[in-house]
Amino acid sequence: MRTTDAGAQPPTLEARGLVKDFHLRSGMRTTVLHAVKDVSFTLEAGRTLALVGESGSGKSTIARMLMKLENPTRGQILLDGRPTGRGGWARAAYRSEVQMVFQDPFASLNPFHTIMHHLERPLRIHHPGLSGTRVRERALELLERVRLSPAESFIDRRPHELSGGQRQRVAIARALAPGARFIVADEPVSMLDVSIRLGVLNLLADLQREDRLGVLYITHDLATARHFSDEIMVLYKGDVVERGPADQVILDPKHEYTRTLLAAAPEPENLGRLRDEVRAELAAG
Amino acid sequence: MTDLITAPVAEPVVACVDAEPVLTARHVTIEYEVDPPVQAVRDVSLTLNRGEILGLAGESGCGKTTLAYGLNRLLKAPALMTSGEIVFHDRSGADIDVAALGGEALRAFRWDKISMVFQGAMNSLNPVITIRAQIFDIFDTHRPGMSRRDKQTRAEELLTLVGVEPARLASFPHELSGGMRQRMMIAMALALDPQVMIMDEPTTALDVVVQRGIIREIMRLREKLGFAVIFITHDLPMLIEISDRIAVMLDGRIVEQGPAEQIYRAPEHEYTRRLLSSFPSLRGQRGGFVRAGSGVMGAEAAGPTGEGSR
């Protein structure tokens, strides 16, 4: 594993011993669902950590805790080594550093408002001193940064006038607006058409390099997890069952569950193999 | 898990060796009659052979679902098939002109000869009646004389076939997991022993592990029962893995068609190549996907950057 350069405390977002239990009530009985069991990791500036697992494995619960949309049952979230508070002000300050890109760009943008409105809000909330013209300038800059140019032609449109990929770019611009250093991307491309997915991921990678963003990339797609991330954590039923450098986890999986996941991923090289397997199985009775 | 049914089947149906067509579409054009009219499917010709899996690949809006609906005569206004012919070659040897069917004949044809597993199968079950009632519905419509006991036996057989306990017949859809609901949809599509099944994104909403289980199930049933499948999805790597032949669709046209191996190893059309390169290889090289700045400190990371986007 690479080491960060010596000197000052590098910018980090650390999850330490995160636990989340949900209490489920059915009639008089209460059962406890351990959604996340003791998960720790550190996001570093300029690096991407991928969180993979099937639905129900706790990926999104971790994202929600990291965004302080959900309070952890136990454990801490530390920004640059300092504990982060839960109160209103502390949370607002935290969110100017940590932002999220949601899965569904068709649902995460408000159809009633223009693109300008979506970018203006975070800018005004997190930079209260900016004048109206400055806010518009900044919004235009953000749109140019996510390759929606000419920005002037996009800024006054509404979400329904944009394609899925363009909407997701707006969502990325919105996450960058407060000046965030850490981005939590929860399945950012799974709702997009296949031929534009890599474009959006490449954009995210470019922005990451420009701003030295720390990215938590949540996905169930192992192939993009491998190529897009430095490190991969495999989550199964709330537990991290395997973690390591991206290539190592994919090419040399240690845990049984990682192998199952890998075996389930489509592999065009295996063309015809499934058919032959099934035939052999049936022939054997 | 379903040895009960494995036993009496005679010989496994061999796909793609003797290419005998079961469904032929010639020059099909489907238009949405809105203002201005939209041609969703343009001059598509397609042949589906008995017992084969034909993959139909394409992105949203390319017309693949409209084409599937057209083949099954499920188009609703303003969609209209403006030209072309669709012929179904029945097991009995008779040819059925699908486009000319109407009224009772059409009702008898659908689901009996060609059945469909719909997109978003998670939501295509009726939430307020049991699975049993929904399966019985099929028999009530298509096999009016069937006794209650026969329906029950057949329904249990179907569930066993798709790997679900027969006891689940009494369940309501919300009591089942996503994978199980999908299996129920497949069981229903199998109910009348159709010769063609059209599957429209049957596994897109499911987890990879569950998805793999369902795909395997489909492949197994195909070998056993010998129906042909039109499998619609945007997941080209998966299609390559499971299909015998693949047709790639773009803007309502089939731009390339051929055996899965040829589509994978020697794609001819530019769009097929682009679609293939949209899926980075899991174990191989990065291909068109370039991610620079992989954690290396600032300056030296400024190597080749994101021009791989297109």
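In the hairpin of S1(A) and S2(A), which residue takes a positive phi? The close-up views below address this point and further features of a predicted model.

**Figure 1. Hairpin of strands S1 and S2 in chain A.** Two residues lie between the strands of this hairpin, and A:Gly27 adopts a positive phi near 65°. Strand S1 of chain A covers residues 12-26 and strand S2 of chain A covers residues 29-44; the two are paired in the antiparallel sense over 12 bridges. One bridge partnership seen here is that of A:Arg25 with A:Thr30 in S2(A).

**Figure 2. Pairing of S1(A) with strand S4 of chain A.** S1(A) is also joined to strand S4 (residues 74-79) of chain A, through five bridges, and these two strands run antiparallel. Within this pairing, A:Val19 has A:Arg74 of S4(A) as its bridge partner.

**Figure 3. Helix H7 of chain A and the residue that follows.** Helix H7 of chain A comprises 18 residues, from 194 to 211. From first C-alpha to last it reaches 27 Å, close to the 26 Å expected at 1.5 Å a residue. The helix is largely enclosed by the rest of the structure, because 14 of its 18 residues are buried. Just after H7(A), A:Arg212 takes a positive phi of about 55°.

**Figure 4. Chain B in outline.** Chain B contains 10 helices and 10 strands. Its residues number 310, of which 43% count as buried. Among the contacts in chain B with a separation of 6 or more, 66% are made by residues 24 or more positions apart.

**Figure 5. The four-stranded open sheet of chain B.** The strands follow the order S2-S1-S4-S5, with antiparallel pairing. Strand S2 (38-49) and strand S5 (95-97) of chain B are the edge strands, each pairing on one side only. On average, neighbouring strands of this sheet are turned by 5° against each other, direction ignored. Strand S4 of chain B, residues 79-89, is paired with S5(B) in the antiparallel sense over three bridges. B:Phe88 has B:Ile96 in S5(B) as its bridge partner.

**Figure 6. Surroundings of B:Pro21 in strand S1 of chain B.** B:Pro21 belongs to strand S1 of chain B, which covers residues 21-32. With 15 other C-beta atoms within 10 Å, B:Pro21 is partly exposed; this count falls in between the limits of 20 or more for a buried residue and 12 or fewer for an exposed one. When its neighbours within four places in sequence are left aside, B:Pro21 is in contact with B:Thr47, B:Leu48, B:Asn49 and B:His89. B:Lys64 is 43 residues apart from B:Pro21 along the chain, and their C-alpha atoms are separated by 20 Å.

**Figure 7. Contact between domain 1 and domain 2 of chain B.** The domain assignment of chain B places residues 17-113 and 194-277 in domain 1, and residues 120-193 in domain 2. The C-alpha centres of these two domains lie 24 Å apart. To the contact, domain 1 of chain B gives 15 residues and domain 2 of chain B gives 17 residues. On the side of domain 1 that touches domain 2, helix H7 (residues 208-225) of chain B gives the most, with seven residues. That side of domain 1 has 11 nonpolar, two polar and two charged residues.

**Figure 8. The six-stranded open sheet of chain B.** Here the strand order is S6-S7-S8-S3-S9-S10, and the pairing is mixed. At the edges stand strand S6 (114-117) and strand S10 (253-259) of chain B; each has a single partner strand, so one side of each is left without a neighbour in the sheet. From one strand to the next, the twist averages 15°.

**Figure 9. Strands S9 and S10 of chain B, with helix H10.** Strand S9 of chain B, residues 245-250, is joined to S10(B) by six bridges, and the two run antiparallel. Opposite B:Arg245 stands B:Pro259 in S10(B). Helix H10 (residues 270-277) of chain B packs on the sheet, where it touches strand S3 (53-57), S9 and S10 of chain B. The direction of H10 makes about 100° with that of S9(B).

Methods
Residues numbered from 1 in each chain as written. Chains lettered and ligands numbered in written order. Predicted model: local features only at pLDDT ≥ 70, side-chain atom pairs only at ≥ 80, totals over all residues. Expected span 1.5 Å × (residues − 1). Contact = placed C-beta atoms within 7 Å. Pairing = 2+ DSSP bridges. Axes fitted to C-alpha atoms, helices over the stretch in contact; angles between N-to-C directions. Domains from an automatic or database assignment. Nonpolar A, V, L, I, M, F, W, Y, C, P; charged D, E, K, R; others polar.
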